[in-house]
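Please open the model in your viewer and keep the sequence panel beside it. The stops below are given in the order in which to select them.

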Amino acid sequence: MSPQQKALILPKKRGKLKVGSRSIPSPGTGQLLVKIYSAALNPVDYKIHNTGVFVTHYPVILGVDIAGIVEELGEGVENFRKGDKILAHGNFSIIDQGAFQQYALTVATFTAKIPSNQSFDSAATVPLGLDTAVVGLYGNHLGAGIDPPWAKCVGDHRPKKPIVILGGSSSVGSYTIQLACLSGFYPVVTTASPSNEDLVRDYGATHFCDRHLSENQLVAAISKVTDSPIRIVFDAISLPETQSVGWRLLAQNGILVLTLPVSVKEDEGRGRKAIYTNGDPHLPYNYELFRNSWAMVEKWLSEGIVQPNNHEILLNGLDGIVGGLERMRMGKVSGTKLVAHPQETQ
């Protein structure tokens, strides 16, 4: 019998999440077997659990944010060795690659070493949030298509352009702020609750607006910040009311980047576009973009160019994830990411 591990299993659509046993997988070509020490929770996890969206085959292991230690290398893996501390973007569509288990397979291309200035817990907050920001800003198919920082020309002195990021204290919003600064946007305007103003300014936002303002007040406040046309709005919340704000702020030929399906109606004549982005590096049309961005992750973290999210540790290993997902569903988590320790499962 192959070695067993504990995993948080979703047996069927809208089923009950329950810790059970399953085999520890072996890595294939280009893969790593990782012992997971920290796994972060994302809104997509409770949405899959509650509605069955994005998933067609069961059972499922949810979670995509992985941090741990390399246990075994698959064929063709050259940049890692056994014992390396890593972070990786998992894949809930393949049961062996889900994050909510004690061991998982990761794709080497979407795996990076954790630098010495970061912990497993901080590193686990990075993958999905950062990847969604990357594709939303730099993706040609699912984003604004701006030049990525790794392709930047030396001595690039183009005039500064404004960007608006709605929901700057969310995980995706926080990484979008940081990448916007790296890409030279100015001003970097964001919305959040007043209690998170210092947090979003620490990420690099130059201007803050209270998300609790009415739509008209919010549009007016943001419009006062800059006289330049706003050609990119990144809505990290993407509810109908925030999409409406973003749409009203957009200049001619502007792009509204969304993390949920489009609810605004694209107009004729002004050339504005609304794009529903997707931070999954495992999609074929995202591969090349994320091959390049994941090559930068260790450097960005080591040099402090990218700061991980604030985080809170959930107790009771994998069992603690169920309550964490419910707190997220009820809107009781703000400005922080919940992180579980699979190895602490009883």
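Begin by selecting N316, which is exposed, with a relative accessible area of 54%; here exposed means over 50% relative accessible area, buried under 20%, and partly exposed in between, computed with a 1.4 Å probe on protein chains only. N316 sits in the loop between β14 (311-313) and α10 (320-329), where helices (H or I, at least four residues) and strands (E, at least two) are DSSP runs numbered from the N terminus. Its phi is near 70°, a positive value in a residue other than glycine.

Before going further, note that this is a predicted model, in which local features need pLDDT of at least 70 and side-chain atom pairs count only at pLDDT 80 or more, while totals for chains, interfaces and linings use all residues. Residues are numbered from 1 along each chain as its sequence is written, and side-chain values use heavy atoms, with hydrogens and water left out.

Next, select N253, in the loop between α7 (240-249) and β12 (255-258). N253 also has a positive phi, near 65°, and is exposed, with a relative accessible area of 51%. As background, most residues other than glycine have a negative phi, and most peptide bonds are trans.

Two cis peptide bonds come next. One joins Y58 and P59, with omega about 0°, and P59 lies in the loop between α1 (43-51) and β4 (65-73). Another runs from Y186 to P187, with omega near -10°, and P187 is found in the loop between α4 (171-182) and β9 (188-192).

From P187, step back to α4, which is mostly covered, since 10 of its 12 residues are buried, among them S171, Y175 and L179. The end C-alpha atoms of α4 are 17 Å apart, which agrees with the 16 Å that its 12 residues should span at 1.5 Å a residue, the expected span being 1.5 Å times one less than the number of residues. After α4 comes G184, whose phi is positive, near 85°.

Finish in the interior, with the largest nonpolar core, a set of buried Ala, Val, Leu, Ile, Met, Phe, Trp, Tyr and Cys residues joined through side-chain atoms within 4.5 Å. Of its 49 residues, L87, L130, I163 and L179 touch the most other members, and helix α3 (residues 127-138) gives the most to this core, with 6 residues. Select I163 to see its contacts (heavy atoms within 4.5 Å): leaving aside residues up to four places away in sequence, I163 touches L137, A180, F185, P187, V188, V189 and I232. A second, separate core of 37 residues includes L41, V70, F92 and A340.
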